[in-house]
Amino acid sequence: MNFLKNRKHFRYAILFLLLLLSWGNLTSQYTDHRDRKVDSLEYILASENPKGKKLANIYRDLMWGYEQSDLEKSVDFARKCVETAVPVKEWWCASDGYMMLGIYFTYMSQFDSAMYYYNQAFDAVELSKGIVEESKIDDRISSIYGNLGNLKNYQGKFIEAIDYYYKALRIFEKHDWKESQNVVYINSGELFLSMNNLTKAEQNFLKADSIANLTENPGRIASAKFRLGKVYHILHQYDKALYNLELAYDYFFSSPEEGRLKPAILNHLARVYFWGYENDKKAEEYINMALETPERSYTPSDKAASLQVLSAIYFARSDWKNAEKNALESLKLDDSQPLHNLVLYSILAKVYSYQNKPILASEYINKMNNDQWASQLYQSTLSEMEVIYETEKKEMEIERQQQMIEQQTLERQFLIIGISLIAIILLMLVFLLRLRIRKSRTLSELNNALAETNATKDKFFNIISHDLKNPAISQREAIKLLNNKGLQMDSVALQEFYEELLTSADSQVALLKNLLEWASLQTDKLTCQPIKFDIGQQLSADVELIRKMAENKGISFITKIPSETFVTADASMISTVVRNLLTNAIKFTKEGGNVTLEISPVNDGAQSSTIFSVIDTGLGMSEETLHNIFRIDYHHKTKGTAGETGTGLGLIVCRELLEKHGTQLKVESVAGEGSKFSFVL
């Protein structure tokens with residue numbers, strides 16, 4: 001309901017601008033017919049019973065006379081003006097009536113009707129050529145162009161609006177009507193600002209400023225300076241913003257329009273000082289000046305903007321009570337502006353959080369999350385309703401001439417409205433349901449990610465505390481033993497002792513390498529840098545190292561690598577993967593077993609690829625081990641055939657390195673028969 005109420009106020013504000021500030025009034029060079037008094041015109045109408053052209057002109061003057069005080073009467077006299085002027089060919093008078101009807105139907109959002117009356121106004125002006133002097137003809141055409149620009153602006157068709165404004169501008173330039181040119185550039189700049197085209201907005205406001213200085217009109221100079229200040233504020237060019245806003249403030253106090261934009265200028269000055277220069281005292285000073293503005297020139301929207309800045313100032317000072325008070329009062333005055341609301345919701349959410357009021361904080365966090373989509377959905381709904389309303393009004397005009405069809409058409413329209421409303425409600429319910437499901441799914445994903453993070457942390461600490469610490473302690477004790485009793489041991493015992501120490505140290509080095517590579521992967525510090533290289537040459541050193549390991553355990557190591565087999569990948573990463581897989585195969589294969597490295601190029605016509613396979617005849621894996629082989633939180637109990645220990649981290653590193661290449665590590669294994677690890681590049 002608040003939204004509808006605010007929209008209604010907004011539409012009345014638009015009408016006020018269309019009538020009081022419309023191009024017909026702002027730019028007209030000839031306005032003598034508006035100086036006549038309504039009561040004298042009413043007296044002439046009642047006492048003299050005028051007819052023809054005189055009657056048409058009286059209706060026209062009454063139309064403008066009631067323009068600001070009684071809209072319904074003004075529109076009624078506009079219709080009478082047209083109905084009386086057209087039969088007697090008083091086209092100049094008729095153009096006024098048509099233009100007023102165009103303004104009215106623009107306000108009513110009946111844009112087709114408004115366009116029809118503006119076109120009729122053009123035709124009436126065309127028929128007045130040769131009777132009315134050229135400057136008046138041009139003035140009236142520019143007024144119609146301006147009002148057409150307002151119509152397109154109200155429809156949200158900003159490019160078309162600017163096109164009409166510039167058509168009016170060419171007429172103003174022809175007659176050197178400076179103040180009217182100023183209005184064009186101000187209005188065009190505002191449109192570009194609403195489209196976030198800051199460059200075009202600045203260009204138009206600079207032209208408006210230049211022309212205003214030529215007219216020496218303080219009000220127009222201040223208006224242009226104020227808008228330039230807004231643009232520079234958005235661009236974070238705070239020095240320029242402050243310069244123009246302060247000039248605007250000074251000019252308004254030397255202008256007959258003093259006070260009309262005073263609150264807006266003061267609010268923007270406060271924003272520049274607070275957000276641009278972090279000077280909360282100066283910002284507060286300007287806000288207090290704005291709050292002292294008389295109510296007649298201080299709209300609720302202006303006051304809401306002042307209180308928003310004041311709330312932010314108190315929040316920056318950690319004065320939660322006053323920050324809350326001003327934010328709530330600002331929303332109460334005007335909650336129709338989404339960006340304004342989001343700032344206040346954010347302040348209130350943080351205030352309640354700091355005050356340890358989680359329920360209230362959560363309420364405003366939810367408002368922040370829901371405000372944008374709710375506004376868009378409601379705007380869409382409202383647009384659909386306006387289309388239905390507009391269509392219905394058109395049909396009602398036809399139904400006046402077809403009384404027999406009227407009831408059926410109305411029933412059909414109400415049925416369409418009812419179905420549309422039901423459909424909209426259903427769509428909103430579906431949307432809300434999907435939103436809830438999406439939030440639930442997101443929460444579940446976050447929980448899973450948290451569980452995985454905790455598992456990673458536990459694994460890391462386990463490796464540090466057990467797999468690295470215990471061997472190091474054992475090595476220290478062994479070295480201590482050597483130090484104390486080494487001279488008493490024979491050379492054979494010493495050799496065996498050294499070999500065990502070396503084996504333990506090699507195991508620790510391998511674990512450290514895996515640990516460091518895994519840590520780099522987790523922090524995204526390890527990047528994939530693919531190049532084209534010969535895989536046989538790249539792996540030659542690793543193959544020889546693995547061959548020695550196999551010979552030491554009495555294992556047959558077989559390689560099947562075609563000569564000049566080129567792949568495109570990160571050479572270091574692929575070497576690490578193959579080395580880890582081969583080391584694992586040696587570890588879990590008994591004496592007399594086989595370990596095979598097979599690299600096979602494949603060409604299927606569309607693209608070539610290379611299959612890497614590491615096959616062993618070792619211990620193999622159970623279904624449980626195979627299922628959990630890549631889980632970091634799983635405790636790997638199986639030791640190597642020579643008592644070698646491991647953490648399972650090497651395979652996890654292999655998988656993640658291959659994922660960086662866009663491929664996967666596949667595992668096939670049967671307990672007691674062996675395993676096969678393969679991947680494709």
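In the predicted model, helix α23 (residues 571-587) lies across strands β2, β4, β5 and β7 (674-680). Its axis runs at about 25° to that of β5. A further helix, α22 (residues 535-553), lies across β2, β4 and β5 (608-616) and runs at about 170° to β2.

The strands contacted by these helices belong to an open sheet of 5 strands with mixed pairing, in the order β2-β4-β5-β7-β6. The edges are formed by β2 (556-560) and β6 (666-670); each has a single partner strand, so one side of each is left without a neighbour in the sheet. On average, neighbouring strands of the sheet are turned by 10° against each other, direction ignored. The partner of β2 is β4 (residues 594-603), to which β2 is joined in parallel by 5 bridges. Within this pairing, S556 has N594 of β4 as its bridge partner.

Residue L539 is located in helix α22. Its relative accessible area is 1%, under the 20% cut-off, and L539 is therefore classed as buried. Leaving aside residues up to four places away in sequence, L539 touches S575, V578 and I599. The C-alpha atoms of L539 and T576 are 9.7 Å apart, although 37 residues separate the two in sequence.

Helix α25 (residues 649-659) is mostly covered, with 9 of its 11 residues buried. The buried positions comprise L649, G650, L651, I652, V653 and C654, together with E656, L657 and L658.

How values were computed
Residues are numbered from 1 along each chain as its sequence is written. This is a predicted model: local features need pLDDT of at least 70, side-chain atom pairs count only at pLDDT 80 or more; totals for chains, interfaces and linings use all residues. Side-chain values use heavy atoms; hydrogens and water are left out. Two strands pair if DSSP finds at least two bridges between them. Helices (H or I, at least four residues) and strands (E, at least two) are DSSP runs, numbered from the N terminus. Axes are lines fitted to C-alpha atoms, for helices over the stretch in contact, and angles run from 0 to 180 degrees between N-to-C directions. Contact means heavy atoms within 4.5 Å. Buried means under 20% relative accessible area, exposed over 50%, partly exposed in between (1.4 Å probe, protein chains only).
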